[in-house]
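The following explanation is intended for a reader who meets this structure for the first time. It proceeds from the overall architecture to individual helices and residues.

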Amino acid sequence: MSSDSGTRLLAGASGVGFILAICGSNAMTPLLPGYMDRHGFGPAAAVLFAMYFVAIIVILIISARGPLIRHSRKVLPIAFLTAIAGDLVEIAGAWIPLVLFPGRLMTGASVALSTGAAAAMMVAAKGEQGRAFIARGSLIGAGAGLMAAILIAVYLPWRLVTVYAIHAIVMAICLGVLFAGLRAAPDLLAPGSDPMPVGDEEPAEVPSDRTCDIEIAADRSRSRDPGAFLIGALAWAIGALAVGAMPNAILATGASDSLLVAQCVGGACLLVSMIANLAGIGLRVLTALPSVGLLLMVGWSVAIAGLVTGHLGIIVLGTVIGGIGQAGGYRVALAYNTVGLSAIQQGRVASRFSAFAYAGAGVMVVFDGVAGQLGGTIGGAVTTAAVYAVIAVIAIGLVIRRSRRSAGSTKAAGTATLSGKGAPTQVGQSASPSQRSPSR
């Protein structure tokens with residue numbers, strides 16, 4: 001096998017394996033009502049769902065600051081093995097409820113380990129196209145995993161076992177392909193190397209179609225942009241709330257007594273987000289962070305209004321609007337924070353960004369569970385929606401403030417350059433009348 005073929009094989013195994021790891025994080029979602037009935041978890045079901053956030057956050061923070069990303073060739077196989085082990089432990093959870101919690105932690109660990117490692121591997125193999133794939137793959141994996149888990153849980157037997165068994169098998173196949181790719185491309189991300197993104201010597205002012213990314217106005221990485229970080233957290237949180245809290249709320253309030261309907265209504269958020277990314281939608285509303293933040297806020301507010309009134313149609317409308325916001329939110333915010341960086345740098349920034357996003361999602365899900373326990377299903381949902389809206393307003397304000405400050409700095413720099421004696425004219429700007437002609 002040639003080196004190029006090995007690189008493509010390794011990139012394919014890394015990307016598909018990363019999507020499958022994300023799929024595994026939603027394998028448990030449609031099973032939560034079953035665990036509540038079989039093991040009598042009650043509110044502990046929400047804690048079980050959020051357990052994997054703990055492992056994700058801790059490992060991603062370590063990845064962002066430590067040397068893990070430099071050892072992506074070793075870390076990625078470990079991530080896939082951890083996913084398989086987590087599936088096996090969660091299968092045992094059908095009979096031994098307490099092992100579900102460590103199993104959920106192992107699922108989170110697999111997602112966390114694969115996030116930075118797969119990002120570095122894809123960027124090293126595909127350049128900025130690889131970075132775009134990782135951002136898109138997170139949402140595709142979340143949506144596809146939920147839909148597959150719902151169908152398996154509803155239509156196949158032994159639902160507390162089958163979904164994990166299928167996931168373990170496909171992860172094992174992907175692991176085998178990954179080992180073949182690592183053997184065929186031994187130099188890709190070898191120790192001591194940190195290749196710059198392929199085909200992009202300098203970050204473009206507006207990434208073009210050659211990056212396979214949506215249009216964003218980012219002339220350099222904004223890896224410490226707090227507004228972009230918050231938008232990413234809100235985008236991930238709305239998906240977690242939609243699939244982790246909304247179905248149980250629908251069943252508890254009597255808006256529907258069908259597990260399939262409840263899961264599909266909440267899952268519409270991730271489904272719409274996945275379709276938007278697969279279709280390559282590049283609408284300006286999806287690429288401007290303030291607009292994305294507004295869509296997320298309006299979407300979840302409408303969904304809660306539908307829950308309060310008991311109208312499934314309004315809930316679906318809200319989750320669809322939220323899914324449109326999520327399609328742009330996570331992907332664009334990640335692009336703002338990683339565009340133009342090298343493979344190792346992108347892996348680290350992606351880990352830090354994902355840690356913050358998952359932390360926001362975990363906090364919102366746990367907060368919703370606590371609020372629901374104290375104020376009832378409806379009261380807790382309304383309280384969570386109010387907090388979500390406040391955070392969205394803060395995020396939008398930070399993004400706008402940062403944009404105005406950057407625009408002001410650019411304008412001031414341009415003015416200083418043009419007014420300086422003997423200063424050259426900046427590219428893309430016309431000279432002033434005095435510069436064009438010393439005398440008329």
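The paragraphs below take up the overall fold, the nonpolar core, two helix pairs and a few single residues.

The model is a predicted one. Its protein contains 14 helices and zero strands, so that, read from the N terminus on, every element in the order α-α-α-α-α-α-α-α-α-α-α-α-α-α is a helix. The protein has 440 residues, of which 53% count as buried. Among contacts with a separation of 6 or more, 81% join residues that lie 24 or more positions apart.

The interior may be considered next. The largest nonpolar core comprises 115 residues, and those with the most contacts inside it are Tyr35, Trp300, Tyr358 and Tyr388. Helix 13, which spans residues 343-419, gives the most to this core, with 15 residues. One of the four residues just named, Tyr358, shows what such a position touches. When neighbours within four places in sequence are left aside, Tyr358 is in contact with Ile22, Tyr52, Phe53, Ile56, Ile57, Leu60, Val111 and Trp236. Another of the four, Tyr35, also appears in helix 2 (residues 32-39), where the buried residues are Leu32, Pro33, Gly34, Tyr35 and His39. After helix 2 comes Gly40, which has a positive phi, near 65°.

Helix 11 offers a view of how helices pack in this model. How do helix 8 and helix 11 pack? Helix 8 (residues 226-244) and helix 11 (residues 289-309) have axes 10 Å apart and meet at an angle of about 25°. Because of this angle, helix 8 is roughly parallel to helix 11, the limit for that description being 35 degrees. The crossing of helix 8 past helix 11 is left-handed. On the side of helix 8, the residues that meet helix 11 are Ala228, Ile231, Leu234, Ala235, Ile238, Leu241 and Ala242, and on the side of helix 11 they meet Leu289, Val292, Gly293, Leu296 and Trp300. By class, this contact of helix 8 with helix 11 has 11 nonpolar residues, one polar residue and no charged residues. As a general point, an α-helix has 3.6 residues a turn, so residues three or four places apart point the same way.

Helix 11 also packs with helix 9 (residues 246-253); their axes come within 11 Å and cross at roughly 20°. Helix 9 and helix 11 are therefore roughly parallel to each other. In this case the crossing is right-handed. Met246, Ala249, Ile250 and Thr253 of helix 9 make the contact with Trp300, Ala303, Ile304 and Leu307 of helix 11. The residues of this contact divide into seven nonpolar, one polar and no charged. Trp300 thus takes part in the contact with helix 8, in the contact with helix 9, and in the core, where it is among the residues with the most contacts.

Two further residues complete the account. Leu105 lies in helix 5 (residues 100-126) and is partly exposed, its relative accessible area being 29%. Apart from neighbours within four places in sequence, Leu105 is in contact with Met51, Val54 and Ala55. Leu105 and Met51 are 54 residues apart in sequence, yet their C-alpha atoms are 6.0 Å apart in space. Trp158, in turn, belongs to the loop between helix 6 (128-155) and helix 7 (159-184). Trp158 is exposed, because its relative accessible area is 71%. The phi of Trp158 is near 50°, a positive value in a residue other than glycine.

Terms used. Residues are numbered from 1 along each chain as its sequence is written. This is a predicted model: local features need pLDDT of at least 70, side-chain atom pairs count only at pLDDT 80 or more; totals for chains, interfaces and linings use all residues. Side-chain values use heavy atoms; hydrogens and water are left out. Buried means under 20% relative accessible area, exposed over 50%, partly exposed in between (1.4 Å probe, protein chains only). Helices (H or I, at least four residues) and strands (E, at least two) are DSSP runs, numbered from the N terminus. Axes are lines fitted to C-alpha atoms, for helices over the stretch in contact, and angles run from 0 to 180 degrees between N-to-C directions. Angles under 35 degrees count as roughly parallel, over 145 as roughly antiparallel, 65 to 115 as roughly perpendicular and the rest as oblique. A crossing is left-handed if the near helix is turned anticlockwise from the far one by less than a right angle, and right-handed if clockwise. Contact means heavy atoms within 4.5 Å. Ala, Val, Leu, Ile, Met, Phe, Trp, Tyr, Cys and Pro count as nonpolar, Asp, Glu, Lys and Arg as charged, and the others, Gly among them, as polar. A nonpolar core is a set of buried Ala, Val, Leu, Ile, Met, Phe, Trp, Tyr and Cys residues joined through side-chain atoms within 4.5 Å.
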